[in-house]
Amino acid sequence: MVANDAPASTLKYSEKPVYTASNGCPVADPEAFQRVGSNGPLLLQDFHLIDLLAHFDRERIPERVVHAKGAGAYGEFVVTHDVTDLTSIDMLSSVGKKTPCIARFSTVGGEKGSSDTARDPRGFSIKFYTDEGNWDWVYNNTPVFFIRDPTKFPLFIHTQKRNPQTNLKDATMFWDYLSTHQEAIHQVMHLFSDRGTPYSYRHMNGYSGHTHKWTKPDGTFNYVQVHLKTDQGSKTFTNEEAGKMAAENPDWNTQDLFDAISKGDYPSWTVYVQVLSPEQAEKFRWNIFDLTKVWPQKEVPLRPVGKWTLNKNVENYFAEIEQVAFSPSHLVPGVEPSADPVLQSRLFSYPDTHRHRLGVNYQQIPVNAPLRAFNPYLRDGAMAVNGNYGANPNYPSSYRSLTYKPVKATNDHEKWAGAAVSFLSEVTPEDYVQAKGLWDVLGKQPGQQDNFVGNVAGHLSAAKEDTRKRTYEMFGRVDKELGSRIATETEKLAPAPGSRAAGSAQARI
Ligand code: NDP
Ligand code: HEM
């Protein structure tokens with residue numbers, strides 16, 4: 001270092017570093033520029049000015065294609081219960097073991113500057129820096145999802161974003177898709193309950209949604225689903241409160257999380273697993289690879305695993321939250337993906353988008369870097385900033401021995417054989433059963449069914465008439481009375497046929 005003798009990231013506010021251009025050359029005045037005389041043109045030799053402008057011109061990186069708006073913090077996971085009968089995951093290897101992590105919560109459909117309180121599922125991502133590599137949990141605050149056929153993800157997401165012509169959120173697109181792909185109904189029930197507008201990130205649960213395998217070195221495994229239950233209690237906004245907050249403070253959830261951690265009010269979650277042995281899974285009523293279904297808790301009880309706490313705000317939002325890169329394929333020994341086709345697609349999609357959004361060396365960005373990683377065959381590329389493995393051979397060289405840790409194959413359970421087919425799942429009456437289960441859960445909580453009907457009506461009323469009618473039929477398949485209540489309330493709000501707003505109005509929250 002010439003001008004400053006410590007890296008910028010370690011300088012404290014109390015220190016007084018020498019201001020320099022990006023090459024370290026001291027600069028007398030950060031606002032001055034070089035020109036001819038006091039009124040003449042600029043000089044191309046003014047590296048400081050050109051550096052400043054050119055860098056500013058490149059400040060933006062692509063926002064996440066989904067989950068663009070988010071907030072996060074650091075924390076730790078502590079094992080509270082022995083689960084070594086289920087898995088050899090190092091992070092879970094002994095009671096009391098602590099693992100550091102970073103988390104990011106997000107909305108899904110809105111852009112980077114959109115409101116935190118929009119009706120939307122919430123992303124619930126955690127990167128654990130374990131002794132055997134980074135283990136990412138890329139979950140949501142709902143236990144199910146809209147699709148079970150992976151091809152549908154981009155198509156579905158398009159309908160939740162903006163109309164390609166008007167550039168407006170479009171209630172007709174939104175409900176047209178959902179009412180013609182009714183396997184989504186269970187998730188729609190979650191989305192339009194008041195849990196679709198959580199009070200804050202601290203007051204919501206997280207769910208793996210997908211089934212994973214927890215494995216052991218002897219080759220045995222169990223299927224699991226992970227639940228994180230908020231210790232702050234589940235708390236939601238009503239539709240009206242969420243709309244009001246969107247206008248008053250669109251960054252409410254971001255602020256709430258930052259402020260709570262700043263004042264030492266650390267949010268925590270109790271972590272559980274549901275466990276099914278391969279034999280139990282075979283006899284189970286529900287397809288464990290179908291992301292639109294839960295495992296009923298009465299049949300598959302929650303087993304406690306640990307406590308997860310967020311206790312430190314980031315120093316720099318861009319460096320640590322915008323650049324954090326989660327992926328369901330960032331796994332560690334002891335956990336494997338299941339055959340859920342949506343999960344399998346996600347294994348590909350996240351590192352692919354990171355290479356686009358952050359670059360091929362995204363794992364070298366400090367917030368993403370594992371505690372220890374050694375792969376000298378991943379070389380070069382844009383922004384190789386970790387020393388690029390120095391003189392280490394870039395192939396498995398007989399002159400440089402590495403340690404290769406043996407991995408025992410997991411016992412087979414599903415045996416795959418058959419012709420390659422073009423597959424699309426079918427909607428059956430089974431798809432409405434758990435949706436009805438949730439409708440009944442809402443019925444036990446005062447006002448929740450009324451709120452649900454109002455939440456749907458407010459949104460659906462902006463859709464075209466034939467889409468509205470198809471949607472009433474869909475809700476009628478969950479519960480007859482629900483269908484007719486939604487029809488009545490929606491039609492009260494729907495614009496008169498032929499009026500300008502019909503079919504094109506911006507969807508309300
Ligand atoms: P139970 O009948 O045993 O319990 C109901 C569950 O519903 C609670 O544990 C709670 O999950 C969840 N819940 C309570 N209020 C709401 C609400 N307002 N909005 C959304 N979820 C709520 O559950 P079952 O397992 O038999 O499932 C019944 C229904 O509950 C299902 O149709 C499913 O949609 C929903 N549910 C099930 C989950 C599961 O993994 N089995 C998880 C979450 C919801 P929690 O404690 O996680 O908040
Ligand atoms: C973000 C793809 C389904 C949870 C993303 C991103 C992509 C993506 C491309 C942006 C990532 C980034 O730029 O960093 C997909 C595909 C899916 C799918 C292709 C299905 C085929 C799901 C499901 C869940 C989920 C089912 C939850 C169970 C998340 C979360 C984020 C995210 C939490 C935000 C991560 C962050 O905070 O950076 N998804 N997704 N996604 N997705 Fe998915």
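Which residues are the closest to ligand 1 among those that surround this ligand? In this predicted model, the answer is H186, Y207, K229, Q297 and Q434, which belong to a shell of 21 residues around ligand 1.

The composition of that shell may be considered by class and by secondary structure. Polar residues number 10, nonpolar residues 8 and charged residues 3 in the shell around ligand 1. Three elements, helix α4 (185-192), strand β7 (221-230) and helix α10 (433-443), each contribute at least two residues to this shell. Of the contributors, α10 gives the most, with 5 residues.

Specific polar contacts accompany this enclosure. The side chain of R195 places a polar atom 2.9 Å from an oxygen atom of ligand 1, and a polar side-chain atom of N205 likewise lies 2.9 Å from an oxygen atom of the ligand. At L438 the contact is made by the backbone: one of its polar backbone atoms is 3.4 Å from an oxygen atom of ligand 1. In terms of surface, ligand 1 taken alone exposes 770 Å², of which the protein buries 83%.

The second ligand directs attention to a metal site. How many donors does the protein provide to the iron atom of ligand 2? There is a single one, the OH atom of Y350, at 1.8 Å from the iron. Because only N, O and S atoms within 2.8 Å of the metal count as donors and water is not among the atoms, a site of this kind may look incomplete. Y350 itself is located in helix α9, which comprises residues 341-357.

Definitions and conventions
Residues numbered from 1 in each chain as written. Chains lettered and ligands numbered in written order. Predicted model: local features only at pLDDT ≥ 70, side-chain atom pairs only at ≥ 80, totals over all residues. Heavy atoms only, no water. Donors = N, O, S within 2.8 Å, 3.2 Å for Na, K, Ca; no water. Helix = DSSP H or I, 4+ residues; strand = E, 2+ residues; numbered from the N terminus. Near = heavy atom within 4 Å. Polar contact = N/O pair within 3.5 Å; in protein donor to acceptor, adjacent residues only side chain to side chain. Areas by Shrake-Rupley, 256 points an atom, 1.4 Å probe, with all protein chains shown as cover. Nonpolar A, V, L, I, M, F, W, Y, C, P; charged D, E, K, R; others polar.
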